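Subject: Handing over the structure

Dear colleague,

I am passing the structure on to you with this email, and beneath it you will find my notes. Please have the sequence and the structure open as you read.

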Amino acid sequence: MNENLLNAKILIVDDQESNIEVLEDLLAMRNFSNVISTKDPRTVLSLVQTEKPDIILLDLMMPYLSGFDVMNQLKNEGLLNGYMPVLVLTADATLETKKNALIAGASDFLTKPFNLSEVELRIKNLLYNVYLLSQLKDQNFILEEKVKERTKELLHNNELIKKQNEQLKEIAWIQSHVVRAPLARLMGLVELLQLNETSDELGKDEIVDFISKSAEELDGIIRDITLKAHHSKIFEQENES
Amino acid sequence: MKANLLLVDDDQLFLMLNKQQAIFANFHPNPITFLKAPLALEWLIEHDKKQDKTLILLDINMPDMNGWEFMDAINKLSLHAEILVVLVSSSTDPLDIERSKHYKQVVAYIEKPMRQPAFAYLKELEALQSFF
């Protein structure tokens, strides 16, 4: 249903043809253009299912099925859910009747004989309530969709962080196991030089040569790590443009 | 040191360094070096005598057989000699240090390079007193 309430589909249910005609005339005078009707209450359920009216104007005293019976049928089918109000038409305006109709699922009452302004106001009020309710439902749907979208984004970012953590762990492992080997060689060799402790196997020239090789090895490893970090874009935000 | 000293490392330079430092520190006059852990294992089997004591300075990360596998093999062989191990690794990985605590023959975990203070520390270690 849209904001223009005059387009709403109205179903009139009354066993008296004259009542239907009066209501149709009144509604036409107020520019309601989408009105259907039935004199047989037994057809209401199938009409509701096929025509999907926005509001039902329902008589209470009818043969075969009373207005209460019709509301019970609709309730059992889950059709009295707030999105299709029932406006009860009755000549019996007692409190007891009104109470029973409300319990049965009616939204409001119209007392016979009908008054043009009252008919228009009550119908428009009920339709406007339905319109607001459906707006609220739409808003909730939009909000739920936004929450779903944000949750998806968060999960994606979480995965990204996990991946980056794995890469950082890998670099930490390389630092611990690969970088430290040539570094440890350098430290050991330097101490031998400091102690002036050389041997035939490891003379001063050999020590200096090994220091040079270890330093080059270390340099190569550090360059590899830099390249690896660069390729994996580990320090960049993926969604940065 | 009256016990045997075995140096096991797949890196030739570390073997030379450790040997030279061990001699210079008067830790052992004649350490035996192995570039491959299986060769050290063969030596242990060949020289297995009940009264013998052997200390092994063992690298962890080696191809073919790493330090952990080497120690597992020693435990399965139930050798007669008393064998103790000092793990020597360039790794400062806390997981390695934690893992080393599960091997009964490990008396110390030392980060490479083995320098003079490391040998001095081992000389003071209570578990190794009977080896000197």
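What follows is an account of what was found, beginning with the contact between the chains and then going through single residues.

Please keep in mind throughout that this is a predicted model.

The contact between the two chains

The contact between the chains involves 22 residues from chain B and 20 residues from chain A. The size of an interface is often given as the accessible area lost when the parts come together. For chain B and chain A the buried area is about 1900 Å², and carbon and sulfur atoms give 60% of that area.

Across this interface the rule finds one salt bridge, and that salt bridge pairs A:Arg185 with B:Asp11, whose closest N and O atoms are 2.4 Å apart. The rule also finds six residue pairs in polar contact across the interface of chain B and chain A, both residues being at pLDDT 80 or more. On the side of chain B that touches chain A, the elements that give two or more residues are helix H1 (12-24) and helix H5 (116-124) of chain B, and H1(B) gives the most, with eight residues. Sorted by class, that side of chain B has seven nonpolar, eight polar and seven charged residues.

B:Gln116 and B:Ser89

Two residues of chain B that touch chain A deserve a description of their own. B:Gln116 is found in helix H5 of chain B and counts as buried because its relative accessible area is 18%, which is under the 20% cut-off. Not counting residues up to four places away in sequence, B:Gln116 touches A:Glu191 and A:Leu195 in chain A, and B:Gln21, B:Phe24 and B:Ala25 in chain B. With B:Gln21 there is also a polar contact of 2.4 Å, which joins the side chains of B:Gln116 and B:Gln21.

B:Ser89 is found in strand E4 (residues 82-89) of chain B, and with 0% relative accessibility B:Ser89 counts as buried. Leaving aside neighbours within four places in sequence, B:Ser89 is in contact with A:Arg180 and with several residues of chain B, among them B:Asp59, B:Ile60, B:Asn61 and B:Tyr109.

B:Val106

Is B:Val106 buried or exposed? B:Val106 is buried, because its relative accessibility is 16%. This residue is found in strand E5 (residues 106-111) of chain B, and, when neighbours within four places in sequence are left aside, B:Val106 is in contact with B:Met71, B:Val85, B:Leu87 and B:Ser100. From B:Val106 to B:Leu39 the distance is 20 Å, C-alpha to C-alpha, and the two are 67 residues apart in sequence.

Chain A: domains and A:Arg150

The domain assignment of chain A gives domain 1 (5-114) and domain 2 (148-231), and the C-alpha centres of these two domains of chain A lie 83 Å apart. A:Arg150 lies in helix H5 of chain A, and A:Arg150 is partly exposed, with a relative accessible area of 47%. The side chains of A:Arg150 and A:Glu153 are joined by a polar contact of 2.6 Å. A:Arg150 and A:Leu80 are 70 residues apart along the chain, and their C-alpha atoms are separated by 34 Å.

Backbone points to look at

Most residues other than glycine have a negative phi, and most peptide bonds are trans. With that in mind, here are four places in the backbone that you may wish to find in the structure.

In chain A, the peptide bond from A:Lys112 to A:Pro113 is cis, with omega near -5°, and A:Pro113 lies in the loop between strand E5 (108-111) and helix H5 (116-195) of chain A. In chain B, a cis peptide bond joins B:Lys112 and B:Pro113, with omega about 0°, and the place of B:Pro113 is in the loop between E5 and H5 of chain B.

The other two places concern phi. A:Lys52, which is not a glycine, has a positive phi near 45°; A:Lys52 is in the loop between helix H2 (44-51) and strand E3 (55-59) of chain A, and is exposed, with a relative accessible area of 60%. B:Ser78, also not a glycine, has a positive phi of about 45°; B:Ser78 is in the loop between helix H3 (67-77) and E4 of chain B, and is exposed at a relative accessible area of 54%.

With best wishes

How values were computed
Residues are numbered from 1 along each chain as its sequence is written. Chains are lettered from A and ligands numbered from 1 in the order in which they are written. Side-chain values use heavy atoms; hydrogens and water are left out. Helices (H or I, at least four residues) and strands (E, at least two) are DSSP runs, numbered from the N terminus. Buried means under 20% relative accessible area, exposed over 50%, partly exposed in between (1.4 Å probe, protein chains only). Contact means heavy atoms within 4.5 Å. Buried area is the accessible area (1.4 Å probe) that two parts lose on being put together, summed over both. A salt bridge is a side-chain nitrogen of Lys or Arg within 4 Å of a carboxyl oxygen of Asp or Glu. A polar contact is a pair of N or O atoms within 3.5 Å; within protein, one must be able to donate a hydrogen and the other to accept it, and residues adjacent in sequence count only if both atoms are side-chain atoms. Ala, Val, Leu, Ile, Met, Phe, Trp, Tyr, Cys and Pro count as nonpolar, Asp, Glu, Lys and Arg as charged, and the others, Gly among them, as polar. Domain bounds come from an automatic or database domain assignment.
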